[in-house]
Amino acid sequence: MDVKLFDSELKVMDVLWREGDAAAKYIAETLKEEVGWNKNTTYTLIKRCMKKGAIERLEPNFMCHALIPKEAVQEAKTEELINKIYDGSADKLFAALLNRKNFSREEICRLKQLVEDLE
Amino acid sequence: MTLWEMGVSGGILILAILAVRRLFQSRVPRRTFLILWAAVLLRLLVPWRLEAPVSFYSLLESAGITDELEKFAGISIPESEMRNGSGERAGNGAKERAENRAEEFSDERAENRIGNEFSENAENAPEETGNGAVSEEPPFPSAGSGISLWKILYFSGVLFSGGFYLKAYLKYRRLFCASLPAEDPKVLEWVQSVPLKRKLKVRSLDLIGTPMTYGVLRPVILLPKGIQWEDSRQMEFVLTHELIHVRRFDAVWKFFLLSAACIHWFNPLVWLMQILANRDLELACDEEVIEQFGQDSRKAYAMSLISLAERKGSVASWGSGFSKDAMEERIAAIMRKRKYTKGSLAGAGILVLFAGVLFAATLPQKTAGENAAAVETEVSENADRDLPETEATESAEKDLPETEASESNEKDLPETEATESAEKDLPETEA
């Protein structure tokens, strides 16, 4: 069965695919250098991967083992991801370029027409 | 100043700005309205202890209207009691209520801590008018310890709304942690060329559909994963737009807007302000982009925004009516934008002055006695000055009477009357 992983989780898996089994601590240190994540972030991602069945935890020392090969992983589709986190509070909290979730075909056409009309 | 007073006068300011915004938004730089909203925030978030000796309320009073109102309400407050409000409130008798009201208006009482005002006022809230007129109050349920139901209700509201946004903010920040550094060389080149004192990062995240920015000390621009720029111009438009948000510390403004909305959660005008001010933040940003890239770039910029909107998923959304209009509003504003002229800047200056006048005019009076004295003797010209000047008024009291002052007072009255009649029209039209 194909497992869907987010970009961030794929980054974690990358370390394991590249270097084989590694300690969680080592993964955190590597990723800190590569992408600037702090320890908590990496650990959270490792746990998420474990929940999805992509990583297996081995004792001692919180060793991580990749359960699935690279080929078996499907990148989660964009729409699925975006729907997961967007909610109306974001536009009040952060400066976003567009605060609408998405626009229908007709709405896009109408906006384009508006530009033409006002030109 | 009590919470209720802040809310009421804030509400008046909001309505005035709504009117002005509707009338002048295509004729002055959008940034003007941000200054006006800032004045409202000042009113809503800061309990001003410095009170103008002359204000709308005190003028009403000197005209004898407040006496009439008091008689009408069937309660009379002896002058001496008004002037010498006693200490902590004990219970709910009318006499004590009167004393407490005097206490609220007097800024001589050192014991009047802001917290006290908030909590006492939560009990007095509904029937208060700023001019000292007393009306019948429904008895408030209160426990022996003095914590009333209204206080609990109020603070629950604040906790609930504030908690909601805090929770959302923390959730997003945690998700943002897992973003990856941007890899597009053109983007990296752009970041290098940015002259900003703070260190700016641009990162990519697969969980978002639209570029956004967060962070005050260490600002970050987040780009949706795999964003394909149509051309380098689009990239510059988008990144510049976010950069302007960063430069203007819009994150801080959004925080203050949200805070005001949570503290005044019961006031629908404040929520309306929150929505409109947020939109103005975006519109002002768009304006600045056009200013930087030139009038000829309007169509290209508008089309860039639309193509960005296109790329998001096609799942049907619940999208609120506001946000559907917001995008249209932006496109129209961009296409209609004209170069700043001396006229538009002068207009902006006048509007800011107008806001200052209104701000000062809606400051509450001091106690009735003091004000009667102040009105009789000297009158300062603080009414048509901005905030920093109100501090000077207390010393100016001793100075010469100014004829301009009486003129500006007359000017105040029609304006505030106009806003009060506009009150009825605006809520419908804005919705």
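The exercises below, each with a worked solution, concern cavities, nonpolar cores and one helix of a predicted model.

Local features require pLDDT of at least 70 and side-chain atom pairs pLDDT 80 or more, whereas totals for chains, interfaces and linings use all residues. Residues are numbered from 1 along each chain as its sequence is written, chains are lettered from A in the order in which they are written, and side-chain values use heavy atoms, without hydrogens and water.

**Exercise 1.** Determine how many cavities of 30 Å³ or more the structure holds, and describe the lining of the largest.

*Solution.* Step 1: fix the term. On a 1 Å grid over the protein atoms alone, a cavity is a set of points where a 1.4 Å probe fits but cannot get out, and lining residues have an atom within 4 Å of a point. A volume is the space filled by probe spheres set on the points, which are joined across faces, edges and corners.

Step 2: search the whole structure, which yields eight such cavities. The largest holds about 90 Å³.

Step 3: list its lining. Of 14 lining residues, Gly215(B), His245(B), Val246(B), Asp250(B) and Ala251(B) lie nearest the centre. Two or more residues each come from β3 (212-214), α10 (232-247) and α11 (250-263) of chain B, where helices (H or I, at least four residues) and strands (E, at least two) are DSSP runs numbered from the N terminus. With three residues, α11(B) contributes the most.

**Exercise 2.** Identify which residues of the largest nonpolar core touch the most other members.

*Solution.* Step 1: define the core as a set of buried Ala, Val, Leu, Ile, Met, Phe, Trp, Tyr and Cys residues joined through side-chain atoms within 4.5 Å. Buried means under 20% relative accessible area, exposed over 50%, partly exposed in between (1.4 Å probe, protein chains only).

Step 2: rank the members. Among 39 residues, Val187(B), Trp190(B), Leu223(B), Met327(B) and Ile331(B) touch the most others. The largest share, seven residues, belongs to α10(B).

Step 3: inspect one member. Beyond its neighbours within four places in sequence, Trp190(B) has contacts (heavy atoms within 4.5 Å) that include Leu200(B), Ile221(B) and Leu243(B).

**Exercise 3.** Establish why the buried residues of α9(B) lie on the same side of the helix.

*Solution.* Step 1: the buried residues of α9(B) include Val187(B), Trp190(B) and Val191(B).

Step 2: these residues lie on the same side of α9(B) because they cover an arc of only 100° around the axis, taken from the directions from the helix axis to the C-beta atoms.

Step 3: the face turned away from the buried side carries the exposed Pro185(B), Glu189(B) and Gln192(B), while the buried residues pack against β2 (201-205), β4 and α10 of chain B.

Key. 1 Å grid on protein atoms, 1.4 Å probe; cavity = no way out; pocket = protein on both sides within 12 Å on 5 of 7 lines; lining within 4 Å.
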